[in-house]
Amino acid sequence: MERKFADLHIHIGRTKTGRPVKITGAKTLTLTNILHTAKNRKGIDIVGVIDCHSPEVIAEIGELMERGQLIERGEGGLLFEEKILLIPGSEVEVHDRFSRGPIHALCYFPTLERMKQFSEWLSGQVKNIHLSSQKIRATGRQLQRTVKELDGLFIPAHVFTPFKSLFGKGVEKNLAEVFDPDAVDAVELGLSSDTAMADGLKQLHRYPFLSNSDAHSLGKIAREYQALAVASLSFSETVKAIKGQGGRRILANYGLNPLLGKYYRTVCASCLQPSAPSGRCPRCGSDKIIPGVSDRIRELSDAGERPARPPYIHQVPLEFLPGIGAKTLEKLLERFHTEMAVLHDAREEELLEVLPERTVSFILKARRGELPIAAGGGGRYGKVAGG
């Protein structure tokens, strides 16, 4: 088995012709740029691009296949320049009479043909098939049935964030209210929660946990990710690793310390003062409160004994660390080639050849989970203290 890094939630901002896909995504976030960035800068081995239902993205995948840059694997997935595995996926929004609010879900498929079939089905369920994260007219369970008929993987997205998630709105309290529990393959935690927090919900104990970036720009790719033990790069091997089958497994989740997440604590929407989950802001008196993930999970928690899981390592992205700006990051990449190499493999003495001792200490403390963090909330990231 080999260790491979996977980020399975990356958006496309624009197609190669400049057509918008994810409106809030960067213009440079094209399919080809994602693949090159994963290969040459980030050091990620498996990317899940979740706007591949868009017809122009499908066309670009086809063109890359015709040129031999993308090769479809017999066990699923598409290999880019013999190094990076592309898993085509789609993020859709469920908002039916059962959900009582918008919920995002991730759907992945083994081949371009299956992705085309899903896109054709989806085009009859949404207003604009060219855009990302569209509201569908089908129910959550109808969506699941379609995904499974196409040999796909179904994963509720960023399940605790306050907006457009399964548990974040303060309404849903059980996954089965919206989805068929037996047709859920894994759960994505999102940027303000980790394994220890999510396992407070007994209903989630049966599912593997994933930590992905939800990248809206090239720089945010691999903000969160997982290490997988697989025999080769393919869709089938990735699925087996997620489900822990045949010796394949998730080795570790790497994610932000929840305190760094934008929605960890409950805050007032008007002045961002930390607030109670209900009532009025103690500073300005507003009753517009953005619920924090920590309070929401505390409200839903009902678990005693917890399942054994892969370690969840509080990985702080390089851009969050004091002393690492754009120029310093380029120096690190020139020396170590990828961000994964800096974060995981570079030795202290090697880092000291490039960086001041103080900056190296931040990288080493980040590896050990020893950095002091000031909590984020209300759409603002937390910060590493001492910078």
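This is a walk through the buried core, the ring pairs and the charged contacts of the structure above. Please keep in mind that the model is predicted.

Let us begin inside. The largest nonpolar core has 100 residues, and the residues with the most contacts inside this core are Phe118, Leu143 and Phe179. Helix α11, which spans residues 357–368, gives this core its largest share, five residues. A second core lies apart from the largest one and has 22 residues, including Leu85, Ala186, Leu233 and Phe235. As background, nonpolar side chains in soluble globular proteins tend to be buried together.

Phe179 is a good residue to centre your viewer on. Beyond its neighbours within four places in sequence, Phe179 is in contact with Val94, Ile103, Ala105, Gly140, Arg141, Gln144, Phe154, Pro156, Leu166 and Val184.

Now to the aromatic rings. The count comes to seven aromatic pairs. In one of them, Phe5 and Tyr225 meet edge-to-face, with 5.7 Å from centre to centre and 90° between the planes. Phe5 belongs to strand β1 (residues 2–10) and Tyr225 to strand β11 (residues 225–230), so this pair ties together parts that are 220 residues apart in sequence. Phe5 and Tyr225 are both buried. Ring pairs also bring in Tyr254, linking Phe5, Tyr225 and Tyr254 into a cluster.

Another pair takes us back to a residue of the core. Phe118, one of the residues with the most contacts inside the largest core, pairs with Phe109. This pair is tilted, with 4.7 Å between the centres and 35° between the planes. Both Phe109 and Phe118 are buried. A ring can have a charge for company too: Arg309 lies over the face of Phe209, at 3.6 Å from the ring centre.

That brings us to the charged side chains, where the structure holds 20 salt bridges. One of these joins Arg248 to Glu237, at 2.8 Å from N to O. Arg248 sits in the loop between α6 (235–243) and β12 (249–255), while Glu237 is in helix α6, so the pair ties together parts that are eleven residues apart in sequence.

Is Arg248 buried or exposed? Arg248 counts as buried because its relative accessible area is 17%, and the cut-off for buried is under 20%. Its partner Glu237 is buried as well. Around Arg248 there is more to see: its side chain reaches the backbone oxygen of Gly246 at 2.7 Å. Leaving out residues up to four places away in sequence, Arg248 touches Met1, Ala229, Val230, Ala231, Glu237, Lys240 and Ala241.

Arg347 is worth a stop for its two acidic partners. Glu349 forms a salt bridge with Arg347, with the closest N and O atoms 3.0 Å apart. The side chains of Glu350 and Arg347 also meet in a salt bridge, at 3.4 Å from N to O. Arg347 counts as partly exposed, at 47% relative accessibility. Glu349 is partly exposed too, at 46%, whereas Glu350 counts as buried, at 16% relative accessibility. Elsewhere, salt bridges that share partners join Lys148, Asp185 and Lys243 into one network.

Polar contacts can be followed around Ser133, in the loop between α3 (112–123) and β7 (135–136). Ser133 counts as buried because its relative accessibility is 10%. Which side chains make polar contacts with that of Ser133? Glu91 is one, in a polar contact of 2.9 Å, and Ser132 is another, also at 2.9 Å. Not counting residues up to four places away in sequence, Ser133 touches His11, Lys22, Asp51, Glu91, Val92, Glu93 and His104.

Our last stop is helix α1, which covers residues 31–42. Its buried residues are Leu31, Ile34, Leu35, Thr37, Ala38, Lys39 and Lys42, a list with two lysines, Lys39 and Lys42, in it. Just after α1 comes Gly43, which takes a positive phi of about 80°.

Definitions and conventions. Residues are numbered from 1 along each chain as its sequence is written. This is a predicted model: local features need pLDDT of at least 70, side-chain atom pairs count only at pLDDT 80 or more; totals for chains, interfaces and linings use all residues. Side-chain values use heavy atoms; hydrogens and water are left out. Buried means under 20% relative accessible area, exposed over 50%, partly exposed in between (1.4 Å probe, protein chains only). Helices (H or I, at least four residues) and strands (E, at least two) are DSSP runs, numbered from the N terminus. A salt bridge is a side-chain nitrogen of Lys or Arg within 4 Å of a carboxyl oxygen of Asp or Glu. A nonpolar core is a set of buried Ala, Val, Leu, Ile, Met, Phe, Trp, Tyr and Cys residues joined through side-chain atoms within 4.5 Å. Contact means heavy atoms within 4.5 Å. A polar contact is a pair of N or O atoms within 3.5 Å; within protein, one must be able to donate a hydrogen and the other to accept it, and residues adjacent in sequence count only if both atoms are side-chain atoms. Rings of Phe, Tyr and Trp (its six-membered ring) pair if their centres lie within 6.5 Å; planes under 30 degrees apart count as stacked, over 60 as edge-to-face and the rest as tilted. A charge sits over a ring if NZ of Lys or CZ of Arg is within 6 Å of the ring centre and within 35 degrees of the ring normal.
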